[in-house]
Amino acid sequence: MKIKLSCLSVAAVLMSLSATASAGADSLAQFHADMGSCESCHAKPIGKVADSETHENTQCKECHGGYEELANSELEFDPHSSHLGDINCSSCHKAHEQPVFKCNDCHSFDIESMPFADAKAKPAWDAEWDQDAIQKAIDKGPVETTDVIVVGAGSAGFNAAISAKMAGAKVILFEKAPYSGGNSMLAAGGFNAVMTPQQQKKGIKDSIDWFVEDAMKGGRYQNDESLVRIMAEESADGIKWLESLGANMDDLKRSGGARVERTHRPSGGASVGPHIIDTLRKAAKRENVDVRLNSRVEKLVLNDDKSIAGVVVHGKHSGYRMVAADSVVLATGGYGMNKEMIAYYRPTFADMTSSNNVTATGDGITLAKEIGASMTDIDWIQAHPTIGKDSRILISETVRGVGAIMVNTDGQRFISELTTRDRASDAILKQKDQYAWLVFDQQLVEKKKMVRGYDHLGMLSKANTVEELASITGMKDLPTTVTAYNGYQAKGKDEAFGREDMPLNLSKPPYYAVKVAPGIHHTMGGVAISDESEVLNLQSWPIPGLYAAGEVTGGVHGYNRLGGNAIADTVVFGRRAGAHAAAFAKDK
Ligand code: MEZ
């Protein structure tokens, strides 16, 4: 898709783009310096920039307006209204170097123009690992002290930081990326929770035991049952907590492997991840959590007694520094975007696409391993069956949950669409050409806003009749399949594959199809933790002061995670890890 990027909205500055070349400015910084001075962007003393670049980004928005003002409805697609939300302008617009079109970390938009695209490219500030600099920072000793450090600003990290702060601890949340959100920001599905007011309102009978049984069965009984039970028991409170922070979790759907509707989502069909991250960003701001972007934690530092002494952090502008803390929470996410780790732990997945954020590089696993932490199920990786073929875009399980059917290249169904992800992925890989199609109709599009996003991205084939769709896509048996499926749906019994829930038939034109194939989605294994979220060493003793939560940990999901249990994991265990880390710091 071709897009044109606009960056400047204030009238006086608008002429700038065309004026740029004639003024001879070869970078955004030069352009601003020519127009005014370095102070149009930087605070005094010039040259001292905070790692999060907060002042600079406030200046951008004061001058050019916020994203809502910048969003250009005339464009087919405008990155200023991206699902990444209200992030730093400097995530893409680089002052002294070539801009980076962050959207293309996941998408493949054909960019027509980006301001100052000819500026000089520089290596990423964190491209290299500098052992000497790390050692020097340790030798120098801490330049700053806090109670709790949280590493990684996705849902687990934010939940940990906010709950530690609310428990009275002084907290710093470090995030290596120029924006927060992590993998959670991309979550499309929802939050599995049991015995919530939302379930009660819909008359859904559910129980903690059912939640546990479903998660254990989905995980092939390889999960740590005690962790699963904690997740189930605290899930309803997790929903309440998010709501108290401002989230809307009023919609309910059923996910693969769950026996009832227990996946909670924002009403109106929006994706859960951007909504939760937006809520958590705002809550962290309200609670005065010290969130520092562009800050990569390079090493965990231990005291002589092997308890946590702090971390060495590498800031984009501040360099390598040791920060002392009584406790550290690792919330760095999984390793789904670390090609070497995937090739090492699961060689058969080495060439698979991944739905993950580029930030999911397994940093917490490396940090913890270096100081002797134990790993659980580290080689268990989940392939999600429906990543848009030849892309990195997840076609949410919600699409099947709400009613889509899944068929092979001939248009034949081959498995219950609601089976677990590992089974669905295996089944697709056994089909001709190792991909499948999801097929649905206009009823589904009207119910689920997220599908319009796929349309926007040009991923959908569309036709006015099932026959026409079959002919466009080559799925010759599709009309017969749809007729049979509609019959099963009317009877309430899927005689072909025993699909448990068929909320919609396929009867309202237009009809749609999207090509899907399995891709890496979640790394189930990771750092071993206790019920109190303490990281365990090789003898299974807690490493004093070290906690972990979310996808960096192993044990919660067993061999295969159920849809909706990742957000449950990050919220429940993020909160717990933060509270335990704060209590540890208080008692020290
Ligand atoms: O929890 C998930 O990973 C999930 C629900 C994904 C999805 O397909 O939407």
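**A ligand between two domains**

In this predicted model, the centres of domain 2 and domain 3, taken over C-alpha atoms, are 27 Å apart. To place them along the chain, it helps to look at the domain assignment, which gives domain 1 as 5–105, domain 2 as 182–288 + 333–380 + 524–587, and domain 3 as 383–520. Domain 2 is thus written in three segments, and domain 3 in one.

Let's look at how domain 2 and domain 3 meet. On one side, 30 residues of domain 2 make contact, and on the other, 24 residues of domain 3. Together the two domains bury about 2,200 Å² between them, with carbon and sulfur atoms giving 51% of that area.

Polar and charged groups also take part. There are 13 residue pairs in polar contact across the interface of domain 2 and domain 3, counting pairs with both residues at pLDDT 80 or more. On the domain 2 side that touches domain 3, you will find nine nonpolar, 15 polar and six charged residues. Two salt bridges cross this interface as well. If you would like a salt bridge to find on screen, try Arg220 and Asp422, whose closest N and O atoms are 2.7 Å apart.

Now for the ligand. Where does it sit relative to the domains? It lies between domain 2 and domain 3, because both of them give residues to the shell around it. That shell consists of Ala188, Gly189, His384, Leu394, Ser396, Glu397, Arg421, His521, Arg561, Gly563 and Gly564. Sorted by class, the shell has two nonpolar, six polar and three charged residues.

Several of these residues place an atom at a short listed distance from a ligand oxygen, and they are worth picking out one by one. Gly564 brings a backbone N or O atom to 2.8 Å from an oxygen atom of the ligand. Arg421 uses its side chain instead, with a polar atom 3.0 Å from a ligand oxygen. For Gly189, a backbone N or O atom lies 3.2 Å from an oxygen of the ligand. Of the 270 Å² of accessible area that the ligand has on its own, the protein covers 95%.

Conventions
Residues numbered from 1 in each chain as written. Predicted model: local features only at pLDDT ≥ 70, side-chain atom pairs only at ≥ 80, totals over all residues. Heavy atoms only, no water. Near = heavy atom within 4 Å. Polar contact = N/O pair within 3.5 Å; in protein donor to acceptor, adjacent residues only side chain to side chain. Areas by Shrake-Rupley, 256 points an atom, 1.4 Å probe, with all protein chains shown as cover. Nonpolar A, V, L, I, M, F, W, Y, C, P; charged D, E, K, R; others polar. Domains from an automatic or database assignment. Contact = heavy atoms within 4.5 Å. Buried area = accessible area lost by both parts, 1.4 Å probe. Salt bridge = Lys/Arg side-chain N within 4 Å of Asp/Glu carboxyl O.
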